[in-house]
Every structure is written in structure tokens, then in C-alpha cells.
Amino acid sequence: MKNRIKLSKIAKALVNDEFVFFYQPIVSLFTGKICGAESLIRWKGPDGSIIPPDVFIPVAEETSFIAEITQQMLPKVVEDLTVLNRIDDSLCVSFNVSAKDFADDEFLDTLFASTSGKLIKRENLCIEITETAFFPSDGSTQQILREIDAQGISIILNDFSAGHTTFSTLTQLPLTAIKVALDVTQRAPLSKMDFRLFRHLVNLAHQLDLDIIAEGVEDEETHSIILATGCTHAQGYYYARPMPLPDFIRLVNKEPAWSEYPFGLEYLAQFDLVDFRRDVIRASLMICAHPEKEIRERILARLPELDSQKCLFGKWLENIRYLNLGDEDYDQLWMEHEEFHNIANSLLNKAWAGESLDEIKNIMVEFSNKSKKMMSLIQDLEIQKLERYFIP
Ligand code: C2E
């Protein structure tokens with residue numbers, strides 16, 4: 001405690017413009033390429049020494065002084081993001097905010113003033129809030145997050161599962177992604193239970209249609225196992241440490257890739273197919289059993305997306321086709337998927353119209369046969385990929 005930094009020194013550093021950002025790459029596990037970075041503040045002393053944030057951010061957070069740091073740093077991150085987006089307009093940058101920032105009346109004004117008309121794509125700026133510091137269930141936090149979301153800015157829930165995780169609020173917050181706490185990622189390779197917990201978090205994010213970033217990936221083994229779970233993004237020393245903007249730009253221009261086919265996402269797509277089939281069959285049977293309008297409407301509201309391009313499986317298929325792996329079988333899968341949805345819609349319509357149970361059963365058989373065909377196609381594609389990637 002005796003080495004604790006004084007607030008007056010931090011204030012002086014702010015006046016002298018001594019705070020800078022380092023950028024740590026975030027890798028898309030879908031493409032294997034850098035898709036953005038987290039901005040991490042550093043104190044660059046006049047002698048060139050670099051002081052990490054845990055030395056001064058907690059001190060600033062004890063007072064409202066953190067709000068002044070945020071006010072000064074936000075325009076800088078927007079400027080850096082603009083530079084990055086001139087190189088590649090899909091690159092995203094995340095910016096950490098403290099719980100105290102949300103109590104600052106000027107925070108939203110600063111955020112909107114520094115972004116308005118300056119960013120090529122507003123969604124490329126992500127605000128990172130830390131789960132342990134915020135009370136996501138608090139009404140005013142939710143209101144601020146909704147205002148940020150309404151402006152098109154993305155929101156990431158940081159340190160997920162490090163504190164008292166409030167699962168139920170996940171559906172109430174306008175989140176783009178959750179970031180798994182560093183120690184949860186690092187424990188994943190160490191035991192069966194830790195691995196299952198990690199996989200469960202990936203499934204949870206997937207069900208809620210959120211991206212999930214694994215923080216703290218330090219080695220190839222962790223990279224491989226999180227890739228196999230269907231985790232969408234990763235960050236950690238295995239890919240790169242935080243670095244000054246010019247170094248980050250150089251790295252982006254080199255286009256490094258940690259490529260491997262995203263098998264994990266393909267496994268999740270298989271589960272999506274199983275879930276979709278089960279949900280549609282259960283819903284049709286429940287509709288047959290319940291003529292009450294109110295109950296039927298609730299049944300429909302719980303259904304997955306019936307539009308073939310918006311359902312989870314359809315989104316995966318669209319992305320895989322976009323990767324353009326040259327496999328014609330994906331086009332066949334695409335057509336089968338369209339038909340799968342047509343049959344699902346017909347099944348639900350007939351149930352709603354009160355068709356005979358025999359007729360409903362016939363369509364269910366047709367629906368199941370289509371699902372079997374699709375599953376077999378995906379698994380054939382998987383074997384082709386395994387041969388390509390693992391068997392010389
Ligand atoms: P965070 O947002 O959870 O940032 C991740 C921290 O983990 C960073 O430490 C990063 O360097 C470190 N890290 C990344 N990959 C690995 C890895 O593979 N292994 C290990 N051992 N560590 C890894 P850093 O830069 O010291 O930042 C610490 C915390 O300071 C951040 O945690 C964030 O809460 C806070 N912070 C950083 N920049 C800002 C800022 O601009 N504003 C505010 N309010 N807080 C900030």
C-alpha cells in the first residue's frame with residue numbers, strides 16, 4: 001500500500017497527455033484472422049517508461065477522476081479506430097468503461113459527440129463493461145446501455161463468469177458479445193469439468209445469438225480446444241500482446257492467420273438443426289392440443305426463427321458459403337435447408353388450421369427425413385474437411 005500512486009500524480013499525467021492506448025488483437029475463430037483489438041490504456045512517463053493500468057485505474061476509479069480519464073481517452077480511441085477503418089472497414093475496437101462512468105452525467109454526451117459523424121461504421125466501436133463492476137440488473141444501467149445501442153455502438157460484457165453472473169439479465173441487455181474471464185479460459189484445458197463449463201458458456205452465447213470472446217489464450221492447446229467448442233473469437237498472448245497503434249497496423253497489414261476450419265461452429269450448427277426440428281415438432285403438437293388463441297400465440301413466440309436466412313443454422317450456412325471453400329455440397333445443403341423451412345412452415349400452418357393428426361404425422365415424417373438428409377450431408381462435409389486439414 002505504501003507504493004500506492006497519488007491521485008494528484010495521475011491528474012498531472014492527464015494534463016500532460018501522458019496516457020496512451022496499446023492495442024491487443026482480437027482474432028475471429030471463423031476466419032482465423034485479426035478482426036479487431038481491445039484498447040488498453042498505458043501511462044507513458046516522460047522517461048518513456050510504461051506503467052500498466054492496474055497501477056492507476058483502480059485509484060482513479062475510487063474517485064470520480066476515472067470519468068475525466070474516459071472523457072479524454074474516448075476521442076483518442078475514436079481517432080485510432082478511424083485510422084484503422086481506413087485500412088480495413090471491418091476492424092472493430094473495444095474501449096473499457098468503468099461503472100463510475102455511467103454515473104457521470106456527461107458520459108453519454110461525450111460518447112455521442114466523439115463518435116458522431118466521425119466513424120465509418122459506428123458498430124465497429126465496442127463499449128466494454130465489466131460484469132463484476134456493473135449491476136446489469138440496475139434500471140439506469142440498462143437505460144444507458146439501450147441509449148448506446150440505439151446509437152449503433154456495440155456493447156461487450158467483459159469478465160463474464162468471473163463474478164456473480166446474472167444469467168437472466170443477459171436477455172435484457174442489448175449485448176453484441178460476452179467476453180469469458182481470463183481464468184475461465186485458462187482453466188478450460190486443465191480438467192473435464194472446466195472444459196465443460198467453458199463449452200457450456202459457448203453454447204449459452206450461441207443460443208442467445210451473441211459472439212463470445214475467450215480472453216487469455218496463451219498457447220496452441222487452448223486455441224485448439226476453444227476452436228473446437230465453437231467459440232467465435234479469441235484474444236491472448238498466443239496471438240499477440242498489447243502493442244502501440246503503429247505496431248498493430250503493421251501486424252494487420254501482414255495479415256497473419258491462425259487458420260483451421262471452424263469445426264466447432266459446424267458442430268453447433270448440427271445442434272441447431274436438432275433444436276429446430278424438436279421445437280417445430282413440439283410446437284405443432286401443442287398447437288393441435290390448444291385451441292386457445294393466447295396459448296397458441298405464446299407457442300409461436302417461443303419458436304426459433306422460421307425465416308431460413310435468419311435462423312441460427314441459416315446464419316452459419318450463409319457464413320460458410322461466404323468463406324467460399326469451393327465445396328458444391330454447401331449449395332445442396334442450402335437448397336435442402338430452404339425446403340426444411342418450407343416443410344416446417346407447412347407443418348405449423350396445418351396444425352394451426354386444425355388438420356387431422358394423420359396429416360400432421362405425414363408432414364412430420366417428411367420433416368424428419370429432410371432433417372436426416374441434412375445431417376448426413378453436414379457430416380459428409382465434416383469428413384471431407386477432416387481429411388483436408390488433418391490427414392496428409
Ligand atoms: P481487461 O479489460 O480484462 O483487459 C485484459 C487484460 O488481460 C489486459 O491487461 C491484457 O493485457 C491482459 N491479457 C490479455 N491477454 C492475456 C493473456 O493471454 N495472458 C495474461 N496473463 N494476460 C492477458 P491490462 O492491459 O493490464 O489491463 C488490465 C485492466 O485494466 C483491463 O482488464 C481493464 O479492466 C482495465 N483497463 C485497461 N484499459 C482501460 C481503459 O482505457 N479504461 C478503463 N476504465 N479501464 C481500463
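How many residues does helix H6 have, and how far does helix H6 reach from its first C-alpha to its last? Helix H6, residues 139-150, has twelve residues and reaches 16 Å, close to the 16 Å expected at 1.5 Å a residue. The legends below begin with the whole chain and then take up separate close-ups.

**Figure 1. Overview of the predicted model.** The chain has 392 residues, of which 33% count as buried. Along the principal axes, its C-alpha atoms fill a box of roughly 80 × 55 × 45 Å. The chain contains 15 helices and ten strands. Among contacts in the chain with a separation of 6 or more, 68% are between residues 24 or more positions apart.

**Figure 2. Close-up of helix H6, residues 139-150.** Ile-144, Leu-145 and Ile-148 are the buried residues of H6. Seen down the axis of H6, these buried residues fall within an arc of 100 degrees, so they line one face of the helix. Gly-139, Gln-143 and Ala-150 are exposed on the other side of H6. The packing partners of the buried residues are two helices, H4 (99-102) and H5 (107-115), and two strands, E5 (125-130) and E6 (154-160). Just after H6 comes Gly-152, with a positive phi of about 85 degrees.

**Figure 3. Close-up of helix H5 and its buried residues.** Phe-107, Leu-111 and Thr-115 are buried in H5. They cover an arc of only 45 degrees around the axis, which puts them on the same side of H5. The buried residues of H5 pack against H3, H4, E5 and H6. Gly-117 follows H5 and has a positive phi, near 70 degrees.

**Figure 4. Close-up of the packing between helices H3 and H5.** Helix H3 spans residues 65-87, and its axis lies 9 Å from that of H5. The angle between H3 and H5 is about 15 degrees. Since angles under 35 degrees count as roughly parallel, H3 is roughly parallel to H5. The crossing in which H3 passes H5 is right-handed. On the H3 side, the contact is made by Ala-67, Thr-70, Gln-71, Leu-74, Pro-75 and Val-78. On the H5 side, the contact is made by Phe-107, Thr-110, Leu-111, Ser-114 and Thr-115. Of these, Phe-107, Leu-111 and Thr-115 are buried in H5.

**Figure 5. Close-up of the packing between helices H1 and H3.** Helix H1, residues 7-15, packs with H3 at an angle of about 15 degrees, and their axes are 11 Å apart. This angle makes H1 roughly parallel to H3. H1 passes H3 in a left-handed crossing. Leu-7, Ile-10, Ala-11 and Leu-14 of H1 take part in the contact, together with Phe-65, Glu-68, Ile-69 and Gln-72 of H3.

**Figure 6. Close-up of Gly-48 in a loop between two strands.** The loop runs between strand E2 (34-44) and strand E3 (50-51). Is Gly-48 buried or exposed? Gly-48 has 6 other C-beta atoms within 10 Å. A residue with 12 or fewer counts as exposed, and Gly-48 is therefore exposed. Gly-48 and Phe-160 are 112 residues apart in sequence, and their C-alpha atoms are 34 Å apart in space.

**Figure 7. Close-up of Glu-218 in the loop between strand E8 and helix H9.** Strand E8 covers residues 211-215 and helix H9 covers residues 220-229. Glu-218 is partly exposed, with 14 other C-beta atoms within 10 Å. Leaving aside neighbours within four places in sequence, Glu-218 is in contact with Gln-186, Gly-236, Tyr-237 and Tyr-238. Glu-218 and Ser-90 are 128 residues apart in sequence and, from C-alpha to C-alpha, 25 Å apart in space.

**Figure 8. Close-up of helix H15, residues 357-390.** Helix H15 has 34 residues. From its first C-alpha to its last, H15 reaches 48 Å, close to the 50 Å expected at 1.5 Å a residue. Ile-363, Phe-367, Ser-371, Met-374 and Ile-378 are buried in H15. The buried residues of H15 pack against helix H11 (263-289) and helix H14 (329-352).

Definitions and conventions:
Residues are numbered from 1 along each chain as its sequence is written. This is a predicted model: local features need pLDDT of at least 70, side-chain atom pairs count only at pLDDT 80 or more; totals for chains, interfaces and linings use all residues. Helices (H or I, at least four residues) and strands (E, at least two) are DSSP runs, numbered from the N terminus. The expected span of a helix is 1.5 Å times one less than its number of residues. A residue is buried if 20 or more other C-beta atoms lie within 10 Å of its own, exposed if 12 or fewer, and partly exposed in between; C-beta atoms are placed from the backbone. The arc is that of the directions from the helix axis to the C-beta atoms. Two residues are in contact if their C-beta atoms, placed from the backbone, lie within 7 Å. Axes are lines fitted to C-alpha atoms, for helices over the stretch in contact, and angles run from 0 to 180 degrees between N-to-C directions. Angles under 35 degrees count as roughly parallel, over 145 as roughly antiparallel, 65 to 115 as roughly perpendicular and the rest as oblique. A crossing is left-handed if the near helix is turned anticlockwise from the far one by less than a right angle, and right-handed if clockwise.
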